[in-house]
Each structure stands twice: as C-alpha cells, then as structure tokens.
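Welcome! Let us take a walk through a protein model together, one region at a time. Have a look at the picture below before reading on.

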Amino acid sequence: MSIEVPGAARAARTAPVVVDGARVACWEWGPSDAEPVLLLHGYPANHHCWRHQIPPLARRYRVIAPDLLGWGESDRPLHLSFDYDTEVARVGRLLDALDIDDAVNLVGHDYGGFLSLGFTQTHPDRVRRLAVLNSRAQSTFARPWYTVFSLISLAGRTPVLGALATRLPLAAIHRRALMPLVRDGHLDAALLADYVDWMDTARGRRWLVHYFGDYRTAPRPELRRRLGEITCPTAIVWGRADTYLRPAVATELAETVPDAELTMLDDAGHWVMDERPDDVTAALERLLARPANR
C-alpha cells in the first residue's frame, strides 16, 4: 500500500532510520531541498492516515511521514520505555536520524499532536510552525474514555492483569471501534487491516500492553502552563463531534497559544483528516504560508 504523489518525487523509505537502536519506518515525498514537514500520526494509525494531505503538501514541501516506534511497520521493542518524556525526546532523535538540523514544520494528530506540543515547548528552536489536530494536547480525554485508557494503563503496569490483557482479541476490539469510518466511506477495509492486524500477533499484543504500561492519562500541568510560551505560527484543527476529546481542548489552545489559528469543523469527529480531508489540507496550507519566526 503506497501513497502516490503525481509530479513529485516518488515516495521512498529512508534507509535505514534507527532511533534508540530500533528501526523506524519512514517515507518521504516532494523536493528534498524544500522546507521539511514532519507528520506524526495518532493511535492506533500509521503514516497512511495522512494519505489525503501528503500529495498536495508534497508539491512544495519535503514531506516526511514516519510510523512512530511501535506502530505500523516500525519495530516494537519491548525493552524500550514509552513514557511521555522519552517519547517527546525521541522525536528529536528521529529528526537527528533524518539529518534535519533546521527547524521543522511539525504536524500531529491525536497522540502525534500530544508529542508535537511537548516537543515544541521543550525544543522551540527546532519547530518552525506547529499544527495540532484532535489531540489530548494540554488536557486529556472525555470522562468515559479517560476511565477506559486509565484501566488499560493500569493493566499494563500490573503483571497479572497485563498477562491477561495480552490474551484479549485486541485487533478485533480496535477494528470494531474504527468500523464506523469504514461504513461511512472514510476508511477502507484494507487500510483498517493495516492499522490493527499486527495486534493479532502475540508480540504485537505484548508490545501494546507494554506501551500502555508507560502511558498516563492524567493531564500534564506543565503543558498547559507553557502554552503562552509557544511563539511559532500554530494551527489548531478540530472535528467538533469528537467523542474522545472535547472541543474545549481546541478552544483553550487557540485562546492561549499567542499565534494560533483555530479551524473548527462542525460535521467531523476525531478522524478529521479522513472525514474532512480538503478542509484539513487547506488549514495546513494556510499555516505553511504564514511567515515563520526563523
């Protein structure tokens, strides 16, 4: 399964990209000497979630879309940590592995947006522009999902519960959660399988439980406290009908980040890039057209 970009450089996996001793699958499109745009996917997707945005962006930019460590075609190491601070720092090590020394345009959805916000705050000199799409960002999930993810995290930290969790039909559970996107024509069955079928393997289930053992659902106060310090042009793009993450997360970001523009899409939910691809692309193109601070 590949993403075609007519008239642009053919997508190519970088060879090899190694971060923390593990292989990160990564693809690039567009002019190699153009401004870099790094697209970070969310849970439980992979780089294909940007399939609608990559072709138009690659006409002018060097677009880089990795599968984050543990997801998609990247390695799923059981010996590495996946706590938030480590994951944020890992974004920097990914840029190093890609030989990106200049500031990057950083775009993140869901978990990728959560990491992007923290990376921008801790490494402002490395971010030219920032986009956050339907992400827990400085806040956290709506109460029902906060409870669900907290319980999964607890299971990952408890050996007995973790062992039981690895026996659950995790791929089927995730497949069922994403089926509305398939029924509505936003996602096809092959791509859904690409997102979740690796959870049908024993190692895949062990890694996912391991990942959640390091994951925490509680808000991180420092992220909210430092929103006003973000000085780069910022785009907040949100599907208002998101049942996981309330629109209040987006409006707080837009009101607190000094140079932020909010795009609120009333008839879209969490998977905003699938549900309203053209509007998301337009919001990203507006962001990239704004003068950067560096």
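Our starting point is D99, which sits in the loop between α2 (84–97) and β7 (104–109). Keep in mind as we go that this is a predicted model. The backbone at D99 has a positive phi of about 60°, although D99 is not a glycine. To see why that deserves a glance, remember that most residues other than glycine have a negative phi. Is D99 buried or exposed? Its relative accessibility is 61%, and exposed means over 50%, so D99 counts as exposed.

Now follow the chain past β7 to D110, in the loop between β7 and α3 (111–122). D110 is not a glycine either, yet its phi is positive, at about 55°. What about its surroundings? With a relative accessible area of 9%, D110 is buried, because the cut-off for buried is under 20%.

Another backbone detail is found at P44, in the loop between β5 (36–40) and α1 (54–57). The peptide bond that leads from Y43 to P44 is cis, with omega near -10°. As a rule, most peptide bonds are trans.

Y43 also takes us to the largest pocket, since Y43 is listed among its lining residues. This pocket has a volume of about 690 Å³. It is lined by 30 residues, and those closest to its centre are Y43, F149, I152, H174 and F212. Which helix gives the most to this lining? That is α4, with 7 residues. At least two lining residues each come from α4 (143–157), α5 (159–165), α6 (170–183) and α8 (202–214). Sorted by class, the lining of the largest pocket holds 25 nonpolar, 3 polar and 2 charged residues.

The second largest pocket contains about 190 Å³ of space. Of the 14 residues that line it, P180, L181, H270, W271 and E275 are the closest to its centre. Here α6 gives the most to the lining, with 4 residues. The classes in this lining are 7 nonpolar, 4 polar and 3 charged.

Beyond the end of α6 we meet D188, in the loop between α6 and α7 (189–196). D188 is partly exposed, because its relative accessible area of 46% falls between the cut-offs of 20% and 50%. A polar atom of the D188 side chain lies 3.2 Å from the backbone nitrogen of A190. For a sense of scale, try finding F141 as well: D188 and F141 are 47 residues apart along the chain, and their C-alpha atoms are separated by 26 Å.

Let us now turn to the inside of the protein. The largest nonpolar core has 56 residues, and L38, L208, Y211 and W238 have the most contacts inside it. Apart from that core lies another one, of 38 residues, including W50, L57, M273 and V280.

Our last stop is the cysteines. How many disulfides does the structure hold? The count is 0. C49 is in no disulfide, and the nearest cysteine sulfur, that of C26, is 13 Å away. For a disulfide, the two sulfur atoms would have to be within 2.5 Å. C49 counts as buried because its relative accessibility is 0%. C232 has a relative accessibility of 3%, so C232 counts as buried too.

Note on methods: Residues are numbered from 1 along each chain as its sequence is written. This is a predicted model: local features need pLDDT of at least 70, side-chain atom pairs count only at pLDDT 80 or more; totals for chains, interfaces and linings use all residues. Side-chain values use heavy atoms; hydrogens and water are left out. Buried means under 20% relative accessible area, exposed over 50%, partly exposed in between (1.4 Å probe, protein chains only). On a 1 Å grid over the protein atoms alone, a cavity is a set of points where a 1.4 Å probe fits but cannot get out, and a pocket is an open set with protein on both sides within 12 Å along at least five of seven lines; lining residues have an atom within 4 Å of a point. Grid points are joined across faces, edges and corners, and a volume is the space filled by probe spheres set on the points. Ala, Val, Leu, Ile, Met, Phe, Trp, Tyr, Cys and Pro count as nonpolar, Asp, Glu, Lys and Arg as charged, and the others, Gly among them, as polar. A nonpolar core is a set of buried Ala, Val, Leu, Ile, Met, Phe, Trp, Tyr and Cys residues joined through side-chain atoms within 4.5 Å. A polar contact is a pair of N or O atoms within 3.5 Å; within protein, one must be able to donate a hydrogen and the other to accept it, and residues adjacent in sequence count only if both atoms are side-chain atoms.
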